[in-house]
Amino acid sequence: MESLTGRLLVATPSLKDPNFDRTVVLLVAHETGGALGVVLNRATEVPVAEVLGKWGSLAGDPAVLFEGGPVAPESAICLARTRPSVKRPTGFHPVSGGVGTVDLSADPESLGDNLAGLRVFAGYSGWSPGQLEEEVSSGSWFVFDALPGDAFVSRPDDLWAMVLKRQGGIMAAVAHFPPDAALN
């Protein structure tokens, strides 16, 4: 399978793992050694400023930590979006287009003017070699192109349905699938 870095994994209604039920994951790395991504639509109530001080002033609305996934929840991954006319700032590692990861050991004030959005994730989602490919082929995930603003939407709870609806056709209908079909 070609690299899915920078693409979205959208949980299918059949994926009932509570870690990923109705999630949208942005893959920040997909190589022969495995894959790593962050869940984009699981906001917490913990303000970024409470945990990472000055980084909180750069965090977009909502300016809270997000649950990036079940692996290493005590670690942090920061995604940022550069402004259109900005060259890659120091400490920024591109994922796709103007979206990339940011080194949190850098000085946030030196990056502020270069960024159009920033989000911090506690933990990440990880797959061992071949695991993600198996999950995609077994129907656990839809794979779609990401838009630059997907990681920074102001209403992250709506992202799962929003991504499905913009695909059109039958995928748009999947956005209305009930959380528990047995209760329908």
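A residue is taken as buried when its relative accessible area is under 20%. In this predicted model, Trp 141 has a relative accessibility of 4% and therefore counts as buried. This tryptophan makes a convenient starting point, as several features of the fold can be followed from it.

Trp 141 is listed among the residues with the most contacts inside the largest nonpolar core, together with Val 10, Leu 40, Leu 79, Leu 132 and Leu 164. That core has 39 residues, and strand E2, spanning residues 24-31, supplies the largest share of them, namely five. Apart from this core lies another one, of 12 residues, which includes Trp 55, Leu 65, Phe 92 and Leu 118.

Trp 141 also takes part in aromatic pairing. The model holds five aromatic pairs. In one of them, the rings of Trp 127 and Trp 141 have centres 6.2 Å apart and planes at 80°, so the arrangement is edge-to-face; planes over 60 degrees apart are classed that way. The two partners come from distant parts of the chain, 14 residues apart, with Trp 127 in strand E9 (residues 115-127) and Trp 141 in strand E10 (residues 141-145). Like its partner, Trp 127 is buried, at a relative accessible area of 6%. Phe 20 joins Trp 127 and Trp 141 in one aromatic cluster.

Turning to Val 10, its contacts beyond four places in sequence reach several parts of the chain. They comprise Thr 23 and Val 24, then Ser 140, Trp 141, Phe 142 and Phe 144, and finally Trp 160, Val 163 and Leu 164. One of these neighbours, Ser 140, sits in the loop between helix H3 (131-137) and E10. Its relative accessibility of 15% is under the 20% limit, so Ser 140 counts as buried as well. With the same exclusion of residues up to four places away, Ser 140 touches Val 10, Ala 11, Thr 12, Leu 15 and Glu 135.

Strand E2 deserves a closer look. Six of its eight residues are buried, leaving the strand mostly covered. On one hand, E2 runs antiparallel to E1, and three bridges join the two strands; Leu 8 has Leu 26 of E2 as its bridge partner. On the other hand, E2 pairs with strand E3 (residues 34-39), again in the antiparallel sense, over six bridges. Here Ala 29 stands opposite Leu 36 of E3, and a hairpin of two residues connects E2 to E3.

A few backbone details invite attention too. Most residues other than glycine have a negative phi, and most peptide bonds are trans. Against that background, Arg 22 shows a positive phi of about 55° although it is not a glycine; this arginine is located in the loop between strand E1 (7-11) and E2. Ala 72, another residue that is not a glycine, likewise has a positive phi, near 45°, but Ala 72 belongs to strand E6, which covers residues 71-82. With a relative accessible area of 23%, Ala 72 is partly exposed. Finally, the peptide bond leading from Asp 61 to Pro 62 is cis, its omega lying near 0°. Pro 62 is placed in the loop that runs between helix H1 (48-52) and strand E5 (64-67).

Conventions: Residues numbered from 1 in each chain as written. Predicted model: local features only at pLDDT ≥ 70, side-chain atom pairs only at ≥ 80, totals over all residues. Heavy atoms only, no water. Core = buried A, V, L, I, M, F, W, Y, C linked by side-chain atoms within 4.5 Å. Buried < 20%, exposed > 50% of the residue type's maximum accessible area, 1.4 Å probe, protein only. Helix = DSSP H or I, 4+ residues; strand = E, 2+ residues; numbered from the N terminus. Contact = heavy atoms within 4.5 Å. Pairing = 2+ DSSP bridges. Phe/Tyr/Trp six-rings, centres within 6.5 Å; stacked < 30°, edge-to-face > 60°.
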